[in-house]
Amino acid sequence: IVLCDAGSAAWYDERLPVVSVRNPGLGNLPVHLLIDARHADCLTLSFKDAPDVLIAQYLQQATEFFNRYDKVLVHCRMGRSRSAAIVVGYLKIGRA
């Protein structure tokens with residue numbers, strides 16, 4: 001698992017499957033279009049970066065995506081909260 005921010009994901013050299021965690025209030029930023037174009041397969045999860053958001057509802061979908069590949073790039077805008085929470089959730093409960 002490669003964990004990073006959106007800017008790094010857009011320019012990451014290796015073409016990897018991507019879990020793109022996006023804020024629904026921001027819409028599609030130009031960096032998202034670049035990520036979608038540069039990487040092989042992209043799972044987009046859309047939820048706010050807020051303490052009241054429960055990520056459990058996204059873990060099954062993310063786990064199925066992770067389990068299809070040997071290596072996956074995961075990002076959110078800053079690469080610190082939402083993407084890290086998805087990775088920790090997968091490592092804690094979702095690994096096959």
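The legends below describe an overview and several close-up views of a predicted model.

**View 1. Overall architecture of the predicted chain, with its four helices and four strands.** Followed along the sequence, the elements alternate in the pattern β-α-β-α-β-α-β-α. Of the 96 residues in the chain, 41% are buried, and the exposed surface amounts to about 5,600 Å², of which carbon and sulfur atoms supply 52%. Among the contacts with a separation of 6 or more, 72% join residues that lie 24 or more positions apart.

**View 2. Confidence of the prediction along the chain, which averages a pLDDT of 83.** A score of at least 70 is reached by 84% of the residues. Among the elements of the chain, helix α3 (residues 56–67) has the highest mean pLDDT, 92, whereas helix α2 (residues 30–38) has the lowest, 68.

**View 3. The largest nonpolar core, which has 16 residues.** Val19, Val21, Leu45, Phe66 and Ile86 are the residues with the most contacts inside this core. Two or more residues each are given to this core by strands β2 (18–22), β3 (42–46) and β4 (73–76) and by helices α3 and α4, and the largest share, five residues, comes from α3. Apart from this core lies another, of nine residues, which includes Val2, Ala9, Leu16 and Val18.

**View 4. The surroundings of Phe66, one of the residues with the most contacts inside the largest nonpolar core.** When neighbours within four places in sequence are left aside, Phe66 is in contact with Ile1, Val19, Val72, Val74, Ile86 and Tyr90. Two of these partners, Val19 and Ile86, are themselves listed among the residues with the most contacts inside the core.

**View 5. Tyr90 in helix α4.** Tyr90 counts as buried because its relative accessible area is 10%, under the cut-off of 20%. The C-alpha atom of Tyr90 is separated by 8.6 Å from that of Gln60, although these two residues are 30 residues apart along the chain. Tyr90 also appears among the contacts of Phe66.

**View 6. Arg82, a buried residue without a salt bridge.** Arg82 is placed in helix α4, which spans residues 82–94. The nearest side chain of opposite charge, that of Asp49, is 4.3 Å away, and a salt bridge would require the charged atoms to be within 4 Å. Not counting residues up to four places away in sequence, Arg82 touches Val21, Arg22, Asn23, Phe47, Lys48, Asp49, Cys76 and Arg77. One of these, Val21, is also among the residues with the most contacts inside the largest nonpolar core.

Conventions:
Residues numbered from 1 in each chain as written. Predicted model: local features only at pLDDT ≥ 70, side-chain atom pairs only at ≥ 80, totals over all residues. Heavy atoms only, no water. Buried < 20%, exposed > 50% of the residue type's maximum accessible area, 1.4 Å probe, protein only. Lys, Arg positive; Asp, Glu negative; His and termini not counted. Contact = heavy atoms within 4.5 Å. Areas by Shrake-Rupley, 256 points an atom, 1.4 Å probe, with all protein chains shown as cover. pLDDT = per-residue confidence, 0-100. Core = buried A, V, L, I, M, F, W, Y, C linked by side-chain atoms within 4.5 Å.
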